[in-house]
Amino acid sequence: MSQRGDGKSDGFVVPEKPGNESWRQEEDQVEGRRPAKENAPQFQGPRTQRRPMCPPQGLQRIREAAERDRKLKFTTLWHHVYDPARLKESYFGLRRSAAAGVDGVTWEEYGEGLDGRLAALSQRLARGSYRPAPVRRPYIPKAGGGLRPLGIPALEDKIVQRAVTEVLTCIYEVDFLGFSYGFRPGRSPHMALDALSVGLEQRKVNWVLDADIRGFFDTINHEWLIRFVEHRVADKRVIRTIQKWLKAGVLEEGRVASTEAGTPQGGIISPLLANIYLHYVLDLWVEKWRKIAAGELIVVRYADDFVLGFQNEGDACRFREELTARLEKFDLALHPDKTRLIQFGRYAAERRARRGQRKPDTFDFLGFTHFCSRTKAGWFQVGRRTSRKRLAAKAAAVRERLRRMMHLPIPVVGAWLGQVVNGHYAYFAVPGNQHALTAFRKRVVEAWRKALSRRSQKGQVSKYRITRIWRRFAPSPDIRHPYPSERFAVRIQGRSPVR
């Protein structure tokens with residue numbers, strides 16, 4: 001089992017170079033270079049006034065203290081939260097076009113007299129008189145059908161949540177394990193996808209457990225969550241504020257309902273609280289379980305979706321049974337329809353064909369369907385294509401929006417469609433997914449052709465004409481991401497992840 005440079009194992013990655021906040025001397029030690037003579041260490045200051053390379057001095061000291069003592073409990077964090085400078089930074093870090101909460105105050109409206117508003121907020125936080133407003137709950141359609149509840153806090157609550165998140169992140173980023181990728185600074189879904197592909201291709205994996213926790217954000221136990229936070233945070237003011245957010249209630253259809261469990265999706269601090277919860281419930285437990293497994297085990301987690309690869313079927317079955325009991329202890333449960341154990345890997349197709357079975361099953365993770373494939377040279381590789389549910393949901397959303405924009409000028413609609421398609425390509429344009437990209441483009445073009453035909457007085461718009469119009473606004477599908485092994489090798493400094 002390989003170890004990370006910070007001493008934590010993440011399954012199959014090798015030591016990584018420390019982040020930008022580390023000294024050059026530490027980088028030399030990781031890469032095996034001797035420090036140059038007569039070179040004094042230099043402080044890494046910001047490159048520009050608006051984009052610092054390292055956290056502010058106060059937060060940096062918190063992170064250094066958390067690294068020195070992994071069992072240290074922080075007792076004085078609140079003054080970092082109500083600092084007017086930090087609150088102002090949190091305000092400008094919010095998304096300006098985000099929906100308003102129950103107070104109806106937008107980002108622009110709050111900015112009128114900003115210094116006075118933030119000074120008053122800072123005083124309420126310092127006195128302990130801050131009270132969060134209930135969370136507004138709208139519903140959005142899910143890719144697989146149904147509706148997903150969101151929680152939109154008031155703007156002032158967003159500011160405080162962002163400030164608390166920045167402070168707590170300095171502590172918990174030290175503790176979180178390497179196979180956790182969701183909602184963490186410096187990490188992205190494609191990093192999780194790369195790690196999963198490399199692990200499945202280069203480790204001894206014959207079985208895959210694709211797991212999903214049912215209604216995770218709505219079933220988080222508040223009592224357990226606070227106990228987990230108290231492992232590292234002993235500042236009662238921080239704890240009380242988190243409890244206030246959890247108990248603030250939800251405004252739905254004009255009525256405020258109390259919340260006894262869960263943390264609202266859409267809250268700025270919710271992803272961090274979710275990662276803290278799963279860190280103690282799942283990640284640390286998996287890390288211990290890996291040591292007693294008979295064969296190899298890999299794991300990649302992104303929020304409440306996680307995939308595990310096993311060498312032995314016995315390990316996989318036993319792990320699933322014990323995982324179910326482990327989650328029940330903390331009021332969680334696996335989704336029965338989205339959790340599957342399948343045969344997967346370089347020998348899966350051959351072994352299933354020998355028994356007269358069909359080709360290996362596939363599984364979905366982060367919008368991609370993963371399947372067993374082969375290179376032109378015959379080597380095993382993990383194939384990836386856009387999930388059918390995700391593709392259908394996106395195409396349906398485009399068609400619905402085109403109906404509402406049907407009578408707008410062609411340049412306006414074309415510019416919007418160009419942004420939609422570019423955004424789709426930016427995420428899904430991975431090697432081997434060319435066919436799905438082309439299928440999405442065809443669906444969008446056909447939807448636009450039908451929308452233009454409905455408003456035309458000359459009959460149907462021909463495919464030749466819509467093709468000429470389309471070329472003015474949207475690019476052709478092309479691959480924009482490297483192969484997972486190439487990008488993963490860059491991240492781990494070119495060392496082999498399976499050495």
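The following exercises, with worked solutions, concern a predicted model.

**Exercise 1. Overall composition**

Task: State how many helices and strands the protein has, and what share of its residues is buried.

Solution. The secondary structure comprises 19 helices and 12 strands. Of the 499 residues, 47% are buried. The accessible surface comes to about 25900 Å², and carbon and sulfur atoms account for 49% of this area. Among contacts with a separation of 6 or more, 69% are between residues 24 or more positions apart.

**Exercise 2. An aromatic pair**

Task: Classify the ring pair of Phe228 and Tyr280, and determine whether each residue is buried or exposed.

Solution. The search of the whole structure yields 22 aromatic pairs. In the pair of Phe228 and Tyr280, the centres are 5.2 Å apart and the planes enclose 15°. Planes under 30 degrees apart count as stacked, and the pair is accordingly stacked. Phe228 belongs to helix 10 (residues 222-229) and Tyr280 to helix 12 (residues 270-292); with their positions 52 residues apart, the pair links distant parts of the chain.

The next step is burial, for which the limit is under 20% relative accessible area. Phe228 is buried because its relative accessibility is 5%. Tyr280 is buried as well, because its value is 15%. Finally, both rings belong to a cluster linked by ring pairs, whose other members are Phe216, Phe217, Trp224, Tyr277 and Phe330.

**Exercise 3. Strand 8 and its partners**

Task: Identify which strands pair with strand 8, and which residues stand opposite Val307.

Solution. Strand 4 (residues 207-212) runs antiparallel to strand 8 and is joined to it by 6 bridges. Asp210 stands opposite Val307 in this pairing. Strand 7 (residues 297-302) also pairs with strand 8 in the antiparallel sense, over 6 bridges, and here Val300 is opposite Val307. Strands 7 and 8 form a hairpin with 2 residues between them, where Ala303 adopts a positive phi near 60°. Strand 8 (residues 305-310) is largely enclosed by the rest of the structure, because 5 of its 6 residues are buried.

**Exercise 4. Helix 17**

Task: Compare the span of helix 17 with the expected value, and name elements that cover its buried residues.

Solution. Helix 17 (residues 434-455) has 22 residues and spans 32 Å from first to last C-alpha, close to the expected 32 Å. Its buried residues include Leu437, Phe440, Val444, Trp448 and Leu452. In an α-helix, residues three or four places apart point the same way, because there are 3.6 residues a turn. The cover over the buried residues of helix 17 includes strand 12 (380-386), helix 15 (388-404), helix 16 (410-428) and helix 18 (463-471).

Notes: Residues are numbered from 1 along each chain as its sequence is written. This is a predicted model: local features need pLDDT of at least 70, side-chain atom pairs count only at pLDDT 80 or more; totals for chains, interfaces and linings use all residues. Side-chain values use heavy atoms; hydrogens and water are left out. Rings of Phe, Tyr and Trp (its six-membered ring) pair if their centres lie within 6.5 Å; planes under 30 degrees apart count as stacked, over 60 as edge-to-face and the rest as tilted. Helices (H or I, at least four residues) and strands (E, at least two) are DSSP runs, numbered from the N terminus. Buried means under 20% relative accessible area, exposed over 50%, partly exposed in between (1.4 Å probe, protein chains only). Contact means heavy atoms within 4.5 Å. Accessible areas come from the Shrake-Rupley method with a 1.4 Å probe; for residues, only the protein chains shown count as cover. The expected span of a helix is 1.5 Å times one less than its number of residues. Two strands pair if DSSP finds at least two bridges between them.
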